[in-house]
Amino acid sequence: MNLTEIKTFGQLKEAHYQSKSIKEELRQNLIEKIKKKENVFEGIHGYEKTVIPELERAILSKHNINLLGLRGQAKTRIARLMIQLLDEYIPVVEGSEINDDPFHPISRYARQTLEEKGDDTSITWLHREDRFAEKLATPDVTVADLIGDVDPIKAANLKLSYADDRVIHFGMIPRANRSIFVINELPDLQARIQVALFNILQEGDIQIRGFKLRMPLDLQFIFTANPEDYTNRGSIVTPLKDRIGSQILTHYPQDIETAKKITAQEVRLEESQHQRVMVPEIAKDVLEQISFEARKSEYVDVKSGISARMSITAFQNLLSTAERRAILLGEEKTSLRLSDFTGIIPAITGKVELVYEGEQEGADFVAKELMTQAVKTLFLQKFPKIEKLQKQDEETPYDDLLHWFFNQEGVVLTSDLSDKEYQKALMNIEPLPKLVDQYVPNLPEEERFFMMEMVLWGLAAHQKLSKHEFAEGNQFQDLYGNYINNL
C-alpha cells in the first residue's frame with residue numbers, strides 16, 4: 001500500500017506505521033546506504049577519507065553538527081545533501097503549524113484535534129524536500145525570528161488575552177519541527193540570540209515572552225562557521241559549543257585532479273562555448289594551480305581562504321576570453337591559449353583578500369604573480385629543472401632555444417592573432433616544437449601549441465627570457481640581448 005494514500009490517523013495505525021525521530025531516520029537510512037555502498041554525498045569531492053567519515057560517525061551518534069571551515073568548502077552543500085537521508089514522506093496532523101507527528105503531538109492545536117476527532121483526525125504527508133530550513137545568521141536576526149513572539153493581531157482576531165498561549169506566533173525553528181535546520185555563519189549570530197538556542201538543543205524547551213512551553217521539538221541542527229569569524233566578527237559562545245555534538249573541520253582540495261572535478265561540476269557554461277573553444281587539459285591544471293599558489297602566497301591573507309568559486313568564475317572568464325577573440329576574428333572554433341589567462345584577472349582580484357604587502361603591490365600585480373607561479377610550478381613537472389646557478393660552459397636542454405632568441409628579435413603573441421597566425425608564430429621558433437616533442441610527446445595538436453607557449457612563460461618565470469606585457473599581448477625576447485639593445 002502507498003502510505004501517502006492514507007488520509008486519517010486510524011488508517012495510519014492500521015498500516016502499522018512506526019513513528020521515529022529525525023535523528024533516528026537519518027541514522028537508519030545512513031546504515032542502509034552504507035550497507036549498499038551507496039554514495040550519500042554525491043558531488044562532494046576530496047572528502048572521501050576525511051570529512052565524510054566524520055560526518056557519518058556524527059549521524060550515527062545522533063549529534064547536532066557544526067561544519068567549521070573557510071569559505072568555499074562545500075559546507076552548505078553537505079548540509080543540503082543530508083535531505084537524501086530522510087524518509088521520503090512523513091505523516092503530519094493536517095493544519096499543524098509545526099509539523100506535528102500524530103503519534104506524538106506537541107502543539108496545543110494537534111493535541112486538541114486528536115482528542116476531539118481521534119482516529120478520524122486528518123493526515124497530510126510531508127515530502128523530505130520540504131523538511132529543510134536554512135537561516136543565514138546576520139546581526140539583525142532576532143529571537144522572534146528564530147523562536148517566536150506574541151502576535152497582537154492574532155490575539156485581537158481570536159479575542160484572546162496575551163496570557164493565552166494561542167496568541168503565540170511560532171518562529172522558524174518550531175516551524176521546522178521534524179526537519180533539518182541549518183544556521184549558516186553561526187558566529188555572526190549575536191551572543192544573546194545564541195543563548196536562546198541552549199534549551200532547544202539540550203532540553204527541548206522553548207520560551208516565548210514569558211510562556212514556558214514544554215515542546216520537545218524534533219530537529220537535526222547543522223551549523224556552519226568560518227574560523228576567521230571567531231576573531232573578526234564574533235564567536236560561538238562556549239555553552240552553545242558544548243551542546244553541539246560534533247564539530248567537523250572541512251578543507252580545500254588537496255590535489256589538482258580533485259579541484260578540476262569540482263570546477264567541472266560547478267561551472268555553468270553555454271553549449272556554444274563548449275563547441276567553440278577547445279580547452280587543453282594542461283590549461284585546466286594551470287587554472288587550479290593558481291588557487292594552490294594563492295593559498296601559500298605571501299601577498300594573500302590565507303586565513304580568509306581561497307574559495308573554490310575563484311576557479312569556477314576564472315574558468316568562465318577564461319573561456320569567454322577565447323570565445324570573444326574567436327567572435328571578433330570570425331572563427332568558428334578556437335583553442336585556448338596561455339595568454340588568454342590575462343582575462344581571468346578580474347575573477348582573481350575579486351576573490352582574494354590581500355595582506356599589507358599585497359595591498360602595497362596592488363591586486364593586479366598579485367593576480368599576475370599567482371599566474372606566473374602556477375606556470376612555473378607546472379613547467380617544472382613537464383620539463384627539466386632550471387638551476388639558478390650553473391657553470392659558464394655547462395650545456396642545458398634549453399640552449400638551442402635560448403640561442404634562437406639571442407639571434408632573433410623575439411616573438412610577439414598578440415590577442416588579435418588568428419589560430420593559424422598564432423600557431424605559425426610559435427612554429428617559427430625552430431627549437432621550440434622539438435623541445436616540446438622531446439619532453440611531452442604525443443600531445444594532440446591543439447594542446448601542443450599551448451605547451452609551446454607555456455615553455456616561453458616558464459623560461460620567463462625562471463628569468464631565462466624577458467616577457468614584456470602590453471595591452472594587446474606579450475612579447476618574448478632574449479634576456480640579455482634585450483638589455484644590450486636598449487643601451
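Tyr-422, Gln-423, Leu-426 and Met-427 in helix 21 meet Arg-448, Phe-449, Phe-450, Met-452, Glu-453 and Leu-456 in helix 23, where contact means heavy atoms within 4.5 Å. The residues of this contact divide into 7 nonpolar, 1 polar and 2 charged; Ala, Val, Leu, Ile, Met, Phe, Trp, Tyr, Cys and Pro count as nonpolar, Asp, Glu, Lys and Arg as charged, and the others, Gly among them, as polar.

Please note that this is a predicted model, in which local features need pLDDT of at least 70 and side-chain atom pairs count only at pLDDT 80 or more, whereas totals for chains, interfaces and linings use all residues. Residues are numbered from 1 along each chain as its sequence is written, and side-chain values use heavy atoms, with hydrogens and water left out.

Helices (H or I, at least four residues) and strands (E, at least two) are DSSP runs, numbered from the N terminus. Two packed helices are described by the angle between their axes and the distance between the axes. The axes of helix 21 (residues 419-427) and helix 23 (residues 445-461) come within 10 Å and cross at roughly 55°. Axes here are lines fitted to C-alpha atoms, for helices over the stretch in contact, and angles run from 0 to 180 degrees between N-to-C directions. The two helices, helix 21 and helix 23, are therefore oblique to each other, since angles under 35 degrees count as roughly parallel, over 145 as roughly antiparallel, 65 to 115 as roughly perpendicular and the rest as oblique.

I turn now to the sheet. Its 5 strands form an open sheet in the order 4-7-10-1-11, with parallel pairing; two strands pair if DSSP finds at least two bridges between them. Strand 4 (132-136) and strand 11 (246-249) stand at the edges with a single partner strand each, so one side of each is left without a neighbour in the sheet. On average, neighbouring strands are turned by 20° against each other, direction ignored.

Within this sheet, strand 7 (residues 179-184) and strand 10 (residues 219-225) pair over 5 bridges, and Ile-180 stands opposite Gln-220 in strand 10. Helix 2 (residues 22-35) lies across strand 7 and strand 10, at about 80° to strand 10. Helix 3 (residues 51-60) lies across strand 1 (65-68) and strand 11, at about 170° to strand 11.

Finally, Thr-414 is found in strand 14 (residues 411-414). Is Thr-414 buried or exposed? At 17% relative accessibility, Thr-414 counts as buried, the class under 20% relative accessible area, with exposed over 50% and partly exposed in between (1.4 Å probe, protein chains only).
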